[in-house]
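This briefing walks through one protein model, moving from a single loop position to the sheets and then to the chain as a whole. Please keep the sequence and the structure in view while reading.

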Amino acid sequence: MKKKIAVIGGGIVGATASYYSAKAGYSVSVFDSGTGQATAAAAGIICPWLSRRRNKKWYRLVSEGAAFYDKLMADLASDGLETDAYARCGALILGQSVEYLQEVHDRALERREQAPLIGNVAILKGTEIKKIFPPLSNVEQALYVGGGARVDGRELTNTLLQATSRFGGSIHKGTVSLSKDNDGTLSVLTPDGRQQKFDAVILAAGAWLPELLQPLGYTVDVRGQKGQLVVLQTENSALQDCPVIMPQGEIDLLPFGQGKTVVGASHENDKGYDLQPDASITDPMLEQAYAWLPDLKEAPVADIRVGTRAYTSDFSPFFGSVPGLDNCFAASGLGSSGLTSGPLIGYLLTELVREQQSTLPLEDYPIDAYIKQTTC
Ligand SMILES: Cc1cc2nc3c(=O)[nH]c(=O)nc-3n(C[C@H](O)[C@H](O)[C@H](O)COP(=O)(O)OP(=O)(O)OC[C@H]3O[C@@H](n4cnc5c(N)ncnc54)[C@H](O)[C@@H]3O)c2cc1C
């Protein structure tokens, strides 16, 4: 009989884990409440190589996470699910001094030796910039990074869950809770009120992992951070092949298909799990965007997306076997780079379920540093 796997959470981690588990022949049930999901709110940039962050373990995860997209897209395509949720469109870094751009340029070249995906790296001048992004205004110099990509989190997870269904998996809307039976095994209380047993349980609950594990006597070092972005509807559908723009300051600009341009994203630590759109935050983001792309002033707002990112106290993601629970695996704390690392982490969780050697060293992302048992 097929082994039964429950996946709790249908964001990028859970959806990828579900897809690869179902593809490997397991009987997969995905449970997702959907409330506040970071992935569905995120239309994001995959360009991790330029960061000044010195944490080598984090850099390895995001760098290999960016490269993993090639495998993910090829696997989905070979399973008959083509999607334009992901595109390697390049990235332009703007609004910085020549010295700063030169520093980032040199760092990118150095890192390219280990990460050839970075691709073409060049400092461009006014007319060259206009050629690759015609509506950009007042930009004299920019750094171009050919390997930069964009991904629509919502569309990608929809495709992954569709692929999971094709391999026989089932997707359930609603919130589940966990309990530990007298024999020490885990039960999942599913949204239809049934108490179910599984051969393995994957907890991909993002910022809600503390809430899920608290009834079992665990504390989890994860907090929520509110993120908002604005989707503008332009009449210019030719921009979808243009690079994503990473100007100085908080915002990024991402042209997508059908004339949509995303302006994102806020990082609101003091608002935690709040999901209300807040114009006092998004209006200044739009003002910054208009300075680079004045045509956007005419574009109506098509959507405001709000989601909750998960952060640990030292900003490091973690994944692995939940201490004290057999055949229960979890990941969280992906922060603002979770679209980059999430698919790889989802895949790594599948490796754990299959008892395979992990592609990345688990001790570099130690789950027991963040999940502590307070009672038995
Ligand atoms: C506005 C915004 C912009 C972003 N931009 C970028 C970017 O440019 N680049 C980048 O790399 N990353 C970006 N991120 C970060 C990235 O989106 C997240 O780190 C990543 O999506 C987290 O994925 P996850 O699967 O861990 O969690 P989530 O996507 O939050 O999924 C967790 C799911 O579990 C469900 N759940 C929780 N508890 C239960 C339960 N008890 N029962 C059932 N379901 C449950 C939740 O409802 C949710 O649907 C951005 C995030 C936001 C919000």
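In this predicted model, aspartate 79 touches Tyr19, Lys23, Arg166 and Phe167, leaving aside residues up to four places away in sequence. The points below begin with the loop that holds this aspartate, continue with the strands, and end with the overall dimensions and surface.

**The loop between H3 and E4**

- Aspartate 79 belongs to the loop that runs between helix H3 (56-78) and strand E4 (86-87), and with a relative accessible area of 19% this aspartate counts as buried, because the cut-off for that class is under 20%.
- Alanine 85 is found in the loop between H3 and E4 as well, and alanine 85 is buried, with a relative accessible area of 0%.
- The contacts of alanine 85, again not counting residues up to four places away in sequence, are with Arg150, Val151, Asp152, Glu155 and Leu156.
- Between alanine 85 and cysteine 242, which are 157 residues apart along the chain, the C-alpha atoms are separated by 15 Å.

**The open sheet E3-E8-E4**

- Three strands make up an open sheet, 3 strands in the order E3-E8-E4, and their pairing is antiparallel.
- Strand E3 (43-46) and E4 take the edge places, each with a single partner strand, so one side of each has no neighbour in the sheet.
- E3 is joined to strand E8 (residues 149-152) by 4 bridges, the two strands running antiparallel, and within this pair isoleucine 45 stands opposite arginine 150 in E8.
- Arginine 150 therefore appears twice in this account, as the residue opposite isoleucine 45 and, as Arg150, among the residues that alanine 85 touches.

**The hairpins of E10, E11 and E12**

- Strand E10 (residues 177-180) and strand E11 (residues 186-189) run antiparallel and are joined by 4 bridges, with leucine 178 standing opposite valine 188 in E11.
- These two strands, E10 and E11, form a hairpin with 5 residues between them, and glycine 184 in the turn has a positive phi of about 85 degrees.
- E11 is also joined by 2 bridges to strand E12 (residues 195-196), once more in an antiparallel arrangement, and the bridge partner of valine 188 in E12 is glutamine 196.
- E11 and E12 likewise form a hairpin with 5 residues between them, where glycine 193 in the turn has a positive phi of about 85 degrees.
- Valine 188 thus links the description of both hairpins, since leucine 178 stands opposite valine 188 and glutamine 196 is the bridge partner of valine 188 in E12.

**The protein as a whole**

- The protein contains 9 helices and 22 strands, and its C-alpha atoms fill a box of roughly 70 × 40 × 40 Å along the principal axes.
- A compact globule with 376 residues would have a radius of gyration near 21 Å, and the value for the protein, 21 Å, agrees with this.
- Of the 376 residues, 56% are buried, and among contacts with a separation of 6 or more, residues 24 or more positions apart account for 74%.
- The accessible surface of the protein comes to about 16,200 Å², and carbon and sulfur atoms hold 48% of this surface.
- The protein has 34 positive and 42 negative charges, and the mean positions of the two sets are 3 Å apart.

Note on methods: Residues are numbered from 1 along each chain as its sequence is written. This is a predicted model: local features need pLDDT of at least 70, side-chain atom pairs count only at pLDDT 80 or more; totals for chains, interfaces and linings use all residues. Side-chain values use heavy atoms; hydrogens and water are left out. Buried means under 20% relative accessible area, exposed over 50%, partly exposed in between (1.4 Å probe, protein chains only). Contact means heavy atoms within 4.5 Å. The radius of gyration is taken over C-alpha atoms; the globule rule is 2.2 Å times the number of residues to the power 0.38. Accessible areas come from the Shrake-Rupley method with a 1.4 Å probe; for residues, only the protein chains shown count as cover. Lys and Arg count as positive and Asp and Glu as negative; His and the chain ends are not counted. The place of a charge is taken as NZ of Lys, CZ of Arg, CG of Asp or CD of Glu.
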